[in-house]
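Subject: Structure for you to look at

Hello,

Here is the structure I promised to pass on. Please open it beside this email and follow along as you read.

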Amino acid sequence: MRVLLVEDEPEMATALAGALRNHDMVVDQVATLGLASEALIDNSYSAILLDRQLPDGDGLSLIPTLRAKGLMTPIIVLTARGDLAQRVAGLDSGADDYLGKPFAIAELMARLRAVLRRPSDLSEEILKLGRLCFDGAHRQASVAGVDLNLPRRELLVLEALLRRSGRTVARDALVHAVYGFEDEIQSNALDTHISRLRRKLIDADAGVEIHTIRGIGYLINRSP
């Protein structure tokens with residue numbers, strides 16, 4: 001999943017972004033409504049975590065604009081304003097949930113899972129190819145019932161390829177699936193992830209192959 005985090009308090013933003021990444025999410029972190037609007041023009045998100053008190057206005061002001069454009073991405077409002085009237089205002093603005101600060105990371109993750117638990121959501125799917133199985137709900141890949149121990153970014157690469165199995169996935173699309181705005185990306189980082197993932201799938205006899213489509217990207221399909 002890719003999450004847009006709109007939070008201007010540096011320590012809070014860093015802590016939240018780190019927690020989300022620890023749960024295998026790609027995080028784009030911005031500090032203003034203006035930057036959030038720009039991010040939403042160029043990117044698609046599974047969810048938005050939106051602070052209310054931002055340098056350029058009330059976070060709630062962004063929600064009706066997004067809904068009017070037909071963007072139904074789940075939005076959780078994060079705020080120190082936790083009284084009933086404020087919660088009602090947040091939900092009435094079009095937010096899917098409202099979480100008062102301070103809060104436990106476990107509760108935030110539970111609320112994220114709740115707003116994403118929709119028929120159209122892809123995160124709950126079981127993806128299968130060859131002897132390989134990817135459980136989106138539990139963020140786990142396995143071969144013939146045996147779990148694969150994959151680091152977060154290798155898991156994200158695998159998920160992105162499996163969701164488009166049999167089709168070439170452009171390098172830029174894979175980078176977008178694995179890295180957020182603020183991540184430092186070395187020139188050969190993606191190739192390293194692919195190489196390690198390919199070796200682990202071969203060693204596990206997963207029955208799949210990752211092909212390099214030179215100058216374009218990568219493709220995963222069943223082994224012959």
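Start with Arg 111 and Asp 97. They form a salt bridge, and their closest N and O atoms are 2.8 Å apart. This pair links distant parts of the chain. Arg 111 sits in helix H5 (residues 105–116), while Asp 97 belongs to strand S7, and 14 residues separate them. Is each partner buried or exposed, or in between? Arg 111 is partly exposed, at a relative accessible area of 24%. Asp 97 has 15% relative accessibility, so it counts as buried. The cut-off for buried is under 20%.

Keep in mind that this is a predicted model. The mean pLDDT of the protein chain is 87. A value of 70 or more is reached by 94% of the residues. Take care with residues 119–123, where pLDDT stays under 50. For that stretch the model has seven contacts beyond four places in sequence.

**More salt bridges**

How many salt bridges does the structure hold? The count is 13. Side chains of opposite charge can pair when their charged atoms come close.

Arg 67 and Asp 96 make another such pair, with 2.9 Å between the closest N and O atoms. Here too, distant parts of the chain are linked. Arg 67 is in helix H3 (residues 62–68). Asp 96 is in the loop between helix H4 (84–92) and strand S7 (97–100). The two residues are 29 apart in sequence. Arg 67 is buried, at 16% relative accessible area. Asp 96 is partly exposed, at 28%.

Next, look at Arg 139 and Glu 159. Their salt bridge has its closest N and O atoms 2.7 Å apart. Arg 139 lies in the loop between strand S9 (132–135) and strand S10 (140–143), and Glu 159 lies in helix H6 (residues 152–162), so the pair ties together parts that are 20 residues apart in sequence. Both ends of this bridge are buried: Arg 139 has a relative accessible area of 16%, and Glu 159 has 8%.

Some bridges share partners. Glu 7, Asp 51 and Lys 101 are joined into one network this way.

**Around Arg 139**

Stay with Arg 139 a little longer. What does Arg 139 touch, leaving aside its neighbours within four places in sequence? The contacts are Asp 24, Phe 134, Leu 155, Leu 156 and Glu 159. With Glu 159, the side chains also make a polar contact, at 2.7 Å. The backbone of Arg 139 is worth a look as well. Arg 139 takes a positive phi near 55° in the hairpin of S9 and S10. That hairpin has four residues between its strands.

**Strand S9 and its partners**

Now move along to S9. Strands of a sheet pair through backbone hydrogen bonds, either parallel or antiparallel. S9 runs antiparallel to strand S8 (residues 126–129), and four bridges join the two. One residue to find there is Ile 126, which stands opposite Asp 135 in S9. S8 and S9 form a hairpin with two residues between them. In the turn, Gly 130 has a positive phi of about 60°.

S9 also runs antiparallel to S10, again with four bridges. There, Leu 132 has Val 143 as its bridge partner.

Which side of S9 is covered? Both faces are. Leu 132 and Phe 134 are buried on one side, and Cys 133 and Asp 135 are buried on the other.

**The sheet of S12, S14 and S13**

Last, find the open sheet of three strands. The order is S12-S14-S13, and the pairing is antiparallel. Strand S12 (169–170) and strand S13 (208–213) are at the edges with a single partner strand each, so one side of each has no neighbour in the sheet. Two bridges join S12 to strand S14 (residues 217–222). In this pairing, Val 169 stands opposite Tyr 218.

Two helices lie across these strands. H6, the helix that holds Glu 159, lies across S12, S13 and S14 and runs at about 70° to S14. Helix H8 (residues 189–203) lies across S13 and S14, at about 155° to S13.

Best wishes

Methods
Residues are numbered from 1 along each chain as its sequence is written. This is a predicted model: local features need pLDDT of at least 70, side-chain atom pairs count only at pLDDT 80 or more; totals for chains, interfaces and linings use all residues. Side-chain values use heavy atoms; hydrogens and water are left out. A salt bridge is a side-chain nitrogen of Lys or Arg within 4 Å of a carboxyl oxygen of Asp or Glu. Buried means under 20% relative accessible area, exposed over 50%, partly exposed in between (1.4 Å probe, protein chains only). Two strands pair if DSSP finds at least two bridges between them. Contact means heavy atoms within 4.5 Å. Axes are lines fitted to C-alpha atoms, for helices over the stretch in contact, and angles run from 0 to 180 degrees between N-to-C directions. A polar contact is a pair of N or O atoms within 3.5 Å; within protein, one must be able to donate a hydrogen and the other to accept it, and residues adjacent in sequence count only if both atoms are side-chain atoms. pLDDT is the predictor's confidence in each residue, from 0 to 100.
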